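Let's take a walk through this model, starting with one pair of residues and working outwards. Have the viewer open as you read.

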Amino acid sequence: MNPLERGAIVLASLALSAGLIALLSGFFTSRDQGSVSISSSVTGHRFRNLGDAVLKPGQRHPAYDSRPPTSGAHLPEPVTRDQVQLNEDQVLQALAAGDVVIAYGGRQPPAGLTTLARALAPPFTPALAAAGQTVILERRPRTVGLIGLAWAHILRARSPTDPRLREFAAFWLGRGASRARGL
């Protein structure tokens with residue numbers, strides 16, 4: 001091999017190595033979530049975390065800073081069904097566990113909402129709700145559009161096809177009161 005060929009091989013090897021390093025650096029950097037801020041289009045409107053203290057029967061509920069409430073002291077009342085109207089204690093219990101609640105105003109969920117919920121989590125069961133691993137559809141009279149609820153966060157959407165609603169539910173599912181403290 002003559003010196004010209006040897007030089008060409010060394011140059012090509014260096015160029016290939018530099019290109020591979022640049023490619024892999026971009027690949028791994030794009031997956032580094034450590035320094036990336038999470039946009040409000042995914043997290044929704046953030047409310048102060050009012051804690052998840054358990055009230056005793058007969059004890060007064062505190063003033064919540066959002067409607068529907070997204071955090072705060074409540075009676076531990078499990079959600080046993082979805083597609084029904086829930087009380088504040090059930091909503092807060094579900095959110096504290098890590099469930100995402102999506103409220104709608106009609107008698108039935110709007111077209112596509114059940115499909116969206118099932119694309120994000122298994123079908124509702126009380127056990128999944130207690131574990132904070134499901135999307136609960138809630139009938140909430142007089143609701144215009146849809147309201148996505150997660151611990152200390154709300155997202156309002158016009159329809160189940162709003163990509164922000166899917167992102168919101170996917171991001172918050174499983175992040176209840178204990179996991180939301182660090183965000």
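Start at V100, which stands opposite V135 in β3. That pair belongs to a longer match: strand β2 (residues 100-104) and β3 pair in the parallel sense over five bridges. Two strands count as paired here if DSSP finds at least two bridges between them. Helices (H or I, at least four residues) and strands (E, at least two) are DSSP runs, numbered from the N terminus.

Before going further, some ground rules: this is a predicted model, where local features need pLDDT of at least 70 and side-chain atom pairs count only at pLDDT 80 or more, while totals for chains, interfaces and linings use all residues. Residues are numbered from 1 along each chain as its sequence is written, and side-chain values use heavy atoms, with hydrogens and water left out.

**The sheet**

Zooming out, β2 and β3 are part of an open sheet of five strands, ordered β1-β5-β4-β2-β3, with mixed pairing. β1 (45-46) and β3 stand at the edges with a single partner strand each, so one side of each has no neighbour in the sheet. At the β1 end, two bridges join β1 to strand β5 (residues 153-157), and these two run antiparallel. H45 has I154 in β5 as its bridge partner.

Being at the edge of the sheet doesn't leave β3 out in the open. Four of the five residues of β3 (residues 135-139) are buried, so the strand is largely enclosed by the rest of the structure. "Buried" means under 20% relative accessible area, "exposed" means over 50%, and "partly exposed" is in between (1.4 Å probe, protein chains only).

**Helices on the sheet**

Two helices lie across β2, β3 and β4. Helix α3 (residues 88-97) does so while running at about 55° to β4 (146-150). α4 lies across these strands too, running at about 155° to β3. For these angles, axes are lines fitted to C-alpha atoms, for helices over the stretch in contact, and the angles run from 0 to 180 degrees between N-to-C directions.

α4 has a clear inside and outside. Its buried residues are L113, L116 and A117. They cover an arc of only 95° around the axis, which puts them on the same side of α4; the arc is that of the directions from the helix axis to the C-beta atoms. On the other side of α4, T115 and A119 are exposed. The cover over the buried residues includes β2, β3, β4 and α6.

**α4 against α6**

Helix α4 (residues 113-120) packs on α6 at an angle of about 35°, with the axes 10 Å apart. The residues that meet are L113, L116, A119 and L120 from α4 and L165, R166, A169 and A170 from α6, where contact means heavy atoms within 4.5 Å.

In α6 (residues 163-172), the buried residues are L165, F168, A169, F171 and W172. Their arc is only 165° around the axis, which puts them on the same side of α6. D162 caps the N-terminal end of α6, with a side-chain oxygen 2.9 Å from the backbone nitrogen of R164. A polar contact is a pair of N or O atoms within 3.5 Å; within protein, one must be able to donate a hydrogen and the other to accept it, and residues adjacent in sequence count only if both atoms are side-chain atoms. After α6 comes G174, with a positive phi near 90°.

**Backbone oddities in the loops**

A cis peptide bond joins R67 and P68, with omega about -5°; P68 sits in the loop between β1 and α3. Two residues other than glycine have a positive phi:

| Residue | Phi | Loop | Relative accessible area |
|---|---|---|---|
| Q83 | about 65° | between β1 and α3 | 28%, partly exposed |
| R142 | near 70° | between β3 and β4 | 80%, exposed |

**The whole chain**

Overall there are seven helices and five strands, and along the sequence they follow the pattern α-α-β-α-β-α-α-β-β-β-α-α. Of the protein's 183 residues, 39% count as buried. Among contacts between residues at least 6 apart in sequence, 61% join residues at least 24 apart.
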